[in-house]
Amino acid sequence: MGACKKEDGDGKMNSTLFSPGPIIVGAGPSGLAVAACLQENGVSSVILERTDCIASLWQKRTYDRLKLHLPKQFCQLPLLSFPENFPKYPTKHQFVSYMESYAEHFGMEPRFNQSVSRAEFDSVTGFWRVQTQDFQYLSKWLVVATGENAEPVIPEIQGMDKFQGPVMHTSVYKSGSEFQNQRVLVVGCGNSGMEVSLDLCRHNAIPHMVVRNSVHILPREMFGISTFTIAMTLLKLFPLKLVDKFLLLVANFTLGNTDELNLPRPKTGPLELKNATGKTPVLDAGALSQIKSCKITVMEGVKEITQKGARFMDGQEKEFDSIILATGYRSNVPGWLKVFNLNFYTKDGIPKSPFPDGWKGGNGLYAVGFTRRGLLGISSDAVNISKDVTDQWRIVKGL
């Protein structure tokens, strides 16, 4: 990597580093997968990571009992499989160890504590200028690997500032052991909301889970086989809507009618809804049985937070000791990538083109980890990006 220094408008000296290969922003699974595929093709890259570790979302923003929702064969990154002795659904700690082994295997050395404040394309020079607190990096290619889960979403709920107890997002929740014997309001009923509620139950807390919208709940496995495996196999043989009907038929038979538990299903099938909106069905890991036994109480939407609890849309009012926001994450791309004139990203920082075409923008800009298809989508993007960059690299090098 080449380097030079120049003076900025305030008279300070800023170092500029030139990378002959792509600059990759983010050292999570997305960034590491692209770097590995590029390296396999003989293309170097520079990985910039704002924290002090790889896979920081997994290491610092996930709860202790988290496991992969899909079997490991659908979650491994390109060019290196999970260890054979890992279970079908690896734990959070096993996945982190896999990530660390992945980085070590390919000799990756991300530049940690490099927070990108601005990235823009210089049409005069044909290079991307990527600014951190320490350096300006230059490259012909920029790979955005910060993903769709970069920042927690904190909803605006009337009266939240009045609540006298702790309010936290699931990004800082670790274990239900901190909430033993507490009445806890969990806002959100996706996979995180369900699993946090289940974890609270197992630590003798009293969770109340807010369901604001309809939700598809499917068994994690059908006939001893993962539901995802069955769905992917059937989609190769039958139309999507027919597969959806089959999944719902089996789900209703094994789980029962969730409408009776105040968990209404959307009118659109689970796979069709996932493709259209990115909304993932909940794969039940045991929460539904706790709802049936009334150990998890399902509540309607929150109308207002009070000093000691919450008032709900149906008129009920209850007291709580703590509130946990299982309200998801969002992209942070709009805050630092200054290229929205390229018509590549939405205002929310997600590529406009749906999967599988959202990985390539213009002027050497790429995106990985925005497919709303998890680790499987990351692998697909990484392979496509590495091939495209490698083809250009070889032309530049005259190979």
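Trainee: What does the backbone do just after α1, at G42?
Mentor: In this predicted model, G42 takes a positive phi of about 85 degrees, just after the helix α1.

Trainee: Which residues other than glycine have a positive phi?
Mentor: N113 is one of them, with phi near 55 degrees. C294 is another, at about 65 degrees, although C294 is not a glycine.

Trainee: Where are N113 and C294 placed?
Mentor: N113 sits in the loop between α3 and β5 (118–122). C294 lies in the loop between α8 (287–292) and β17 (297–299).

Trainee: Why is N113 called partly exposed?
Mentor: Its relative accessibility is 41%. Buried needs a value under 20% and exposed a value over 50%, so N113, at 41%, counts as partly exposed.

Trainee: And what makes C294 count as exposed?
Mentor: Put its value against the cut-off again: C294 has 62% relative accessibility, and exposed means over 50%. Therefore C294 counts as exposed.

Trainee: Back to α1. How do you know that its span is close to the expected one?
Mentor: Helix α1 covers residues 29–40, which is 12 residues. The expected span is 1.5 Å times one less than the number of residues, and for α1 that comes to the 16 Å expected. From the first C-alpha of α1 to the last, the helix reaches 16 Å, so the span is close to the expected value.

Trainee: How does α9 do on that test, with its 24 residues?
Mentor: α9 reaches 34 Å from its first C-alpha to its last, close to the 34 Å expected at 1.5 Å a residue.

Trainee: Why is α1 called largely enclosed by the rest of the structure?
Mentor: Because 10 of its 12 residues are buried. Among them are P29, G31, V34, C37 and L38. What covers the buried residues of α1 includes β3 (23–25), β4 (46–48), α2 (56–60), α3 (92–105), β8 (142–144) and α9 (374–397).

Trainee: What do the buried residues of α9 pack against?
Mentor: They pack against α1, α3, β8 and β23 (365–367). The buried residues of α9 include L375, I378, I385, V389 and W393.

Trainee: Now some single residues in loops. What makes T62 buried?
Mentor: T62 is at 9% relative accessibility, and buried means under 20%, so T62 counts as buried. T62 is placed in the loop between α2 and α3. Not counting residues up to four places away in sequence, T62 touches L57, K92, S171, Y173 and K174.

Trainee: What does the side chain of T62 reach at 2.5 Å?
Mentor: The backbone oxygen of W58.

Trainee: Why is R265 called buried?
Mentor: The relative accessible area of R265 is 16%, and the cut-off is under 20%, so R265 is buried. You'll find R265 in the loop between α6 (240–255) and α7 (270–277).

Trainee: How do you know that the side chains of R265 and H216 make a polar contact?
Mentor: They come to 3.3 Å. A polar contact needs a pair of N or O atoms within 3.5 Å, one able to donate a hydrogen and the other to accept it, so the pair qualifies. The side chain of R265 also has a polar atom 2.7 Å from the backbone oxygen of I217. Leaving aside neighbours within four places in sequence, R265 is in contact with residues including S214, L218, L248, N252 and D259.

Trainee: Let's finish with empty space. How many cavities of 30 Å³ or more does the search find?
Mentor: It finds 1 in the whole structure, and the largest cavity has a volume of about 30 Å³. M194, E195, V282, L283, D284, A285 and A287 line the largest cavity. Two or more lining residues come from each of α4 (191–202) and β16 (282–284), and β16 gives the most, 3 residues.

Trainee: What makes the lining of the largest cavity 5 nonpolar and 2 charged residues?
Mentor: Asp and Glu count as charged, while Met, Val, Leu and Ala count as nonpolar. The lining therefore has 5 nonpolar, no polar and 2 charged residues.

Trainee: How does the lining of the second largest pocket divide?
Mentor: Into 9 nonpolar, 6 polar and 5 charged residues. The second largest pocket has a volume of about 270 Å³. Of the 20 residues that line it, S353, P354, F355, F370 and T371 lie nearest its centre. α7 supplies the largest share of that lining, 4 residues.

Definitions and conventions: Residues are numbered from 1 along each chain as its sequence is written. This is a predicted model: local features need pLDDT of at least 70, side-chain atom pairs count only at pLDDT 80 or more; totals for chains, interfaces and linings use all residues. Side-chain values use heavy atoms; hydrogens and water are left out. On a 1 Å grid over the protein atoms alone, a cavity is a set of points where a 1.4 Å probe fits but cannot get out, and a pocket is an open set with protein on both sides within 12 Å along at least five of seven lines; lining residues have an atom within 4 Å of a point. Grid points are joined across faces, edges and corners, and a volume is the space filled by probe spheres set on the points. Buried means under 20% relative accessible area, exposed over 50%, partly exposed in between (1.4 Å probe, protein chains only). Contact means heavy atoms within 4.5 Å.
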